[in-house]
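Please open the structure in your viewer and keep the sequence panel visible. The tour below proceeds by selection: each stop names what to select and then states what is there.

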Amino acid sequence: MEPKLALYYSKYCFFCQKVLMFLRGKDHDIELKSTSDRDNAKALMHGGGKTQVPCLRIESAQGKVDWMYESDDIIRYLS
Ligand SMILES: N[C@@H](CCC(=O)N[C@@H](CS)C(=O)NCC(=O)O)C(=O)O
């Protein structure tokens, strides 16, 4: 089963735009979570340990959660 994906981003962040541009037109099932929403920012901090964006939350079918922070790593993972 495919992992469940969520991308934490800020619309003001160049690195986030890079990832969002990469995703444009692709058929990925990724929930987008803007950190302008305080609940999303808190979830990112509590789950991943820092507020840096972009961050891809990867939840395996077994419920294991990984937080991937680097834009280049995220793009590589999604390629
Ligand atoms: N090397 C990182 C840089 C990411 C980065 O610098 N993000 C900035 C926004 S553009 C950020 O989240 N700064 C706030 C923080 O680190 O809490 C990447 O390529 O994703």
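The stops below go from the strands to the helices and loops, and then to the ligand.

**Before starting**

This is a predicted model, in which local features need pLDDT of at least 70 and side-chain atom pairs count only at pLDDT 80 or more, while totals for chains, interfaces and linings use all residues. Residues are numbered from 1 along each chain as its sequence is written, and side-chain values use heavy atoms, with hydrogens and water left out.

**Stop 1: strand E1 and its partners**

Select residues 4-9, which form strand E1. Helices (H or I, at least four residues) and strands (E, at least two) are DSSP runs, numbered from the N terminus. Is E1 mostly covered or mostly uncovered? Five of its six residues are buried, so E1 is mostly covered; buried means under 20% relative accessible area, exposed over 50%, and partly exposed in between, with a 1.4 Å probe and protein chains only.

Add strand E2, residues 30-34, to the selection: E1 and E2 pair in the parallel sense over five bridges. Two strands pair if DSSP finds at least two bridges between them. Next add strand E3, residues 55-59; E1 and E3 run antiparallel and are joined by five bridges.

Now select Ala-6. In E2, Ala-6 stands opposite Glu-31, and in E3 the bridge partner of Ala-6 is Arg-57. As a general point for viewing any such element, the side chains of a regular strand alternate between the two faces of the sheet.

**Stop 2: the hairpin of E3 and E4**

Select strand E4, residues 65-68, together with E3: the two run antiparallel and are joined by four bridges. Within this pairing, Leu-56 has Met-68 in E4 as its bridge partner. E3 and E4 form a hairpin with five residues between them.

Select Gly-63 in the turn, where phi is positive at about 90 degrees. Most residues other than glycine have a negative phi, and most peptide bonds are trans. With a relative accessible area of 41%, Gly-63 is partly exposed. Draw a distance from Gly-63 to Pro-3: the two are 60 residues apart in sequence, yet 8.9 Å apart in space, C-alpha to C-alpha.

Ser-60 is also found in the loop between E3 and E4. Its relative accessibility is 23%, so Ser-60 counts as partly exposed.

**Stop 3: helix H2 and its ends**

Select residues 38-48, helix H2. Which residue caps the N-terminal end of H2? Asp-37 does: a side-chain oxygen of Asp-37 lies 2.9 Å from the backbone nitrogen of Asp-39. Just after H2, select Gly-49, which takes a positive phi of about 100 degrees.

Within H2, select Asn-40, which counts as buried because its relative accessibility is 14%. Not counting residues up to four places away in sequence, Asn-40 touches Tyr-8, Lys-33, Ser-34 and Thr-35; contact means heavy atoms within 4.5 Å.

**Stop 4: Ser-10 and Tyr-77**

Select Ser-10, in the loop between E1 and helix H1 (14-23). Ser-10 counts as buried because its relative accessibility is 13%. Leaving aside neighbours within four places in sequence, Ser-10 is in contact with Cys-16, Gln-17, Thr-35 and Val-53.

Then select Tyr-77, in helix H3, residues 71-78. Tyr-77 is partly exposed, with a relative accessible area of 35%. Not counting residues up to four places away in sequence, Tyr-77 touches Pro-3, Leu-5, Leu-56, Ile-58 and Met-68.

**Stop 5: the ligand**

Select the ligand and the residues around it (those with a heavy atom within 4 Å). They are Cys-13, Phe-15, Thr-51, Gln-52, Val-53, Pro-54, Tyr-69, Glu-70 and Ser-71.

Look first at Val-53 and Pro-54: a cis peptide bond joins them, with omega at about 0 degrees. Pro-54 lies in the loop between H2 and E3.

Which atoms of the ligand lie 2.7 Å from side-chain atoms of Glu-70 and Ser-71? For Glu-70, a nitrogen atom of the ligand is 2.7 Å from an N or O atom in the side chain. For Ser-71, a polar side-chain atom lies 2.7 Å from an oxygen atom of the ligand. Taken alone, the ligand exposes 520 Å², and the protein buries 62% of that; accessible areas come from the Shrake-Rupley method with a 1.4 Å probe, and for residues only the protein chains shown count as cover.

Definitions and conventions
Polar contact = N/O pair within 3.5 Å; in protein donor to acceptor, adjacent residues only side chain to side chain.
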